[in-house]
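Please read the following report with the structure open beside it, and find each residue in the view as it is named. The text moves from a surface patch to an enclosed space, then to backbone details, a contact between chains and the confidence scores.

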Amino acid sequence: MAYHATLATARSRAVVAESRHLLLTVAPGALWIIVFLVLPSLYLMSVAFMTNGPYGLPEMPLSLTSFTQLAGQGFLGWSPGNLMTLGRSLWQTVLSTLLVVLVAYPIAYYISQSDQRWRPIMLLAVVVPSWTNQVIRTFGWMNLLAPGTPLAELAEAMGMIAPNMGLYPSNFAVTLGLVYNFLPFMVLPLYAAFEKLNLSLVEAAQDLYASPLKAFWHAVFPQTLPGLLAGVVLVAIPAFGMYVIPELLGGGKGMMLGNLVANQFAGSANWPLGAAGAILMLIATFIGLYAMRRIGKRLGGGEEVVI
Amino acid sequence: MKRGRFHKGLRGFWWLTLGFLYLPLIVVMLFSFNASNSAASFTGVSLRWYRRLLGNDAILSALGNSLLLAVVSSLLALMIGTLIGYGMYRHRHRKLGWLIVLIYLPIVLPDIVFGISEMTFFVKINELTGLLSPGLTTMTIAHVTFQVPFVALIVYSRFVGLDPTLFEAAKDLYATPRQRVQFFMLPTLKPALISGFLLSFTLSLDDFVISFFTAGPESATLPIYIWSAIRKGVTPEINAIATLMMAAVALAALMSLVLTRRRAAS
């Protein structure tokens with residue numbers, strides 16, 4: 001009896017020690033993230049439900065004004081400005097993600113079919129430009145698209161832009177900037193999918209006299225779908241809230257949600273409105289991640305996306 | 001025959017895409033050596049923009065801020081992140097879902113929401129207590145927050161890659177906890193710690209959006225300086241700083257490549 005009791009206390013003491021160990025190792029970091037990220041985000045969300053004060057700072061009482069403002073309601077009645085910004089963000093996200101897929105798919109395939117020795121170097125070649133600061137890369141495009149540059153002159157000769165105008169600021173420049181920025185994020189997961197490709201399925205399809213297109217659609221494409229979806233999440237979520245690229249390449253007419261949000265926190269703008277925009281971005285993020293998980297599970301992969 | 005043409009087409013597309021990826025960077029490098037002020041024409045090779053950098057106190061102070069911020073935040077993140085990574089490994093058999101959600105949160109949060117959350121929070125704290133006025137301290141806090149998850153994940157995966165019996169062997173040989181840390185944990189963790197630090201350091205140097213929203217009037221980092229110079233009107237000096245930053249990144253990449261090669265060879 002006594003023996004069992006001691007064993008039980010020893011065991012529970014061990015459990016306590018283990019729990020204390022877990023707490024000691026994990027607590028500093030968990031607390032750090034809770035205090036410096038979870039609390040601030042919750043505070044930001046609460047700001048969205050406050051009233052806009054005279055200096056743009058949030059005030060009591062609680063209200064939903066910021067959300068109606070996000071939908072376009074202002075002092076002077078309804079104006080479509082904010083909704084157009086939202087629509088543009090959505091459109092730019094869809095368009096650039098699609099273009100990124102169209103470029104990344106053949107590139108990832110080409111790398112996966114290349115000589116084994118060259119593959120890491122080819123991947124590196126795709127990734128290296130993204131190590132440069134985003135502001136600098138976007139500045140590079142400003143240099144390339146400015147008035148008088150060969151690209152701008154070509155566009156002028158083709159009648160695409162008015163004389164002495166550059167190719168930026170414009171929505172086109174923003175799309176270009178987004179595609180440029182996110183290409184590596186799509187190539188990497190797609191390459192990982194191509195790398196694991198089970199070619200016996202393709203052979204089976206060929207044995208069954210499938211046309212190359214059919215063989216691709218039934219034997220190759222489904223196998224790359226998990227990588228494709230991972231890439232879409234990695235591209236679309238940050239693209240939707242992009243700030244730097246539309247700010248530099250889009251000008252006033254190319255504004256996206258990120259700029260709308262950021263502008264509300266500069267000078268004496270409107271914090272609650274900005275916070276409402278941030279909530280929208282969070283909702284989009286979580287929908288994206290959730291959809292990714294669901295679809296990933298249904299595809300039977302169940303793999304975590306490791307960034 | 002058909003396959004050959006397909007492959008040639010792919011190869012052409014590959015080189016085209018590489019051109020697309022490197023063109024903006026090449027233009028920046030090229031114009032950093034331009035003798036003229038104009039961004040539209042290249043008139044001759046000169047080092048005048050580099051010389052001008054050396055006399056620009058604002059750039060030098062931005063460089064100093066960038067480096068200080070990167071070193072301090074990476075060291076802090078290394079300590080906190082290593083502890084979490086180890087805790088996650090030791091207790092991986094428990095339900096740690098909440099911890100994993102917490103760790104992924106800084107990674108998945110859009111950076112603009114991240115930066116603005118921090119900013120509004122710091123403003124509120126400052127209003128209530130007078131502490132945390134915007135500057136290098138607030139920036140350090142924000143940077144540590146996004147670096148910790150990366151360190152934790154790197155350390156965790158290093159532990160997962162180890163043979164679990166190694167831990168028992170260390171215990172069986174009557175190593176004291178201190179000896180176990182000194183002679184077993186730290187040496188085996190060394191590569192993870194180095195890459196965790198380097199990754200944090202680069203993430204910090206590279207960050208613009210989060211720094212931008214948590215910075216104070218005196219704490220501009222290099223990306224923030226470049227940003228405001230671009231907004232004020234394109235100056236050729238920016239090409240020169242940008243080129244130097246790219247060279248630094250290339251050097252760091254080369255170093256890590258050599259290091260991993262050497263490790264693989266030994």
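## A surface patch and an inner cavity

In this predicted model, Leu31(A) has its place in helix H1 of chain A, which covers residues 2–47. Together with Ile34(A), Val35(A), Leu39(A) and Leu42(A), Leu31(A) forms a nonpolar patch on the surface, and the accessible area of these residues together is about 400 Å².

From the surface we can turn to the interior. Rolling a probe the size of a water molecule over the atoms shows where empty space is left. The count of cavities of 30 Å³ or more comes to 1, and the largest cavity holds about 30 Å³ of space. Which residues line the largest cavity? The lining consists of Gln134(A), Arg137(A), Thr138(A), Trp141(A), Gly177(A), Tyr180(A), Asn181(A), Ile245(A) and Leu249(A). By character, these lining residues divide into 4 nonpolar, 4 polar and 1 charged. The helices of chain A that each supply at least two residues of this lining are listed here:

| Helix of chain A | Residues |
|---|---|
| H5 | 134–145 |
| H7 | 171–195 |
| H10 | 244–250 |

Among the contributors, H5(A) provides the largest share of the lining, with 4 residues.

## Backbone details

Most residues other than glycine have a negative phi, and most peptide bonds are trans. Against that background, two places in the model deserve a careful look. Tyr168(A) and Pro169(A) are joined by a cis peptide bond, with an omega of about -5 degrees, and Pro169(A) lies in the loop that runs between helix H6 (150–157) and H7 of chain A. In chain B, Leu132(B) has a positive phi of about 55 degrees, although it is not a glycine; Leu132(B) is found in the loop between helix H5 (111–129) and helix H6 (136–160) of chain B.

## A link between chains

Over all chains, a search of the whole structure finds 6 salt bridges. In one salt bridge, the side chains of Glu18(A) and Arg90(B) meet at 2.4 Å, N to O. Glu18(A) lies in helix H1 of chain A and Arg90(B) in helix H3 (residues 57–90) of chain B, so this pair joins two chains.

## Confidence in the model

The model scores ipTM 0.86 and pTM 0.87. Chain B averages a pLDDT of 86, and 94% of its residues score at least 70. Among the elements of chain B, the lowest mean pLDDT, 75, belongs to helix H7 (residues 165–172), whereas helix H9 (residues 209–214) has the highest, 95. Where pLDDT is low, the predicted coordinates should not be read in detail.

Definitions and conventions:
Residues are numbered from 1 along each chain as its sequence is written. Chains are lettered from A and ligands numbered from 1 in the order in which they are written. This is a predicted model: local features need pLDDT of at least 70, side-chain atom pairs count only at pLDDT 80 or more; totals for chains, interfaces and linings use all residues. Side-chain values use heavy atoms; hydrogens and water are left out. Patches are made of residues with over 30% relative accessible area and no salt bridge: like charges are joined within 9 Å, nonpolar side chains (Val, Leu, Ile, Met, Phe, Trp, Tyr) within 5 Å. Accessible areas come from the Shrake-Rupley method with a 1.4 Å probe; for residues, only the protein chains shown count as cover. A salt bridge is a side-chain nitrogen of Lys or Arg within 4 Å of a carboxyl oxygen of Asp or Glu. On a 1 Å grid over the protein atoms alone, a cavity is a set of points where a 1.4 Å probe fits but cannot get out, and a pocket is an open set with protein on both sides within 12 Å along at least five of seven lines; lining residues have an atom within 4 Å of a point. Grid points are joined across faces, edges and corners, and a volume is the space filled by probe spheres set on the points. Ala, Val, Leu, Ile, Met, Phe, Trp, Tyr, Cys and Pro count as nonpolar, Asp, Glu, Lys and Arg as charged, and the others, Gly among them, as polar. pLDDT is the predictor's confidence in each residue, from 0 to 100.
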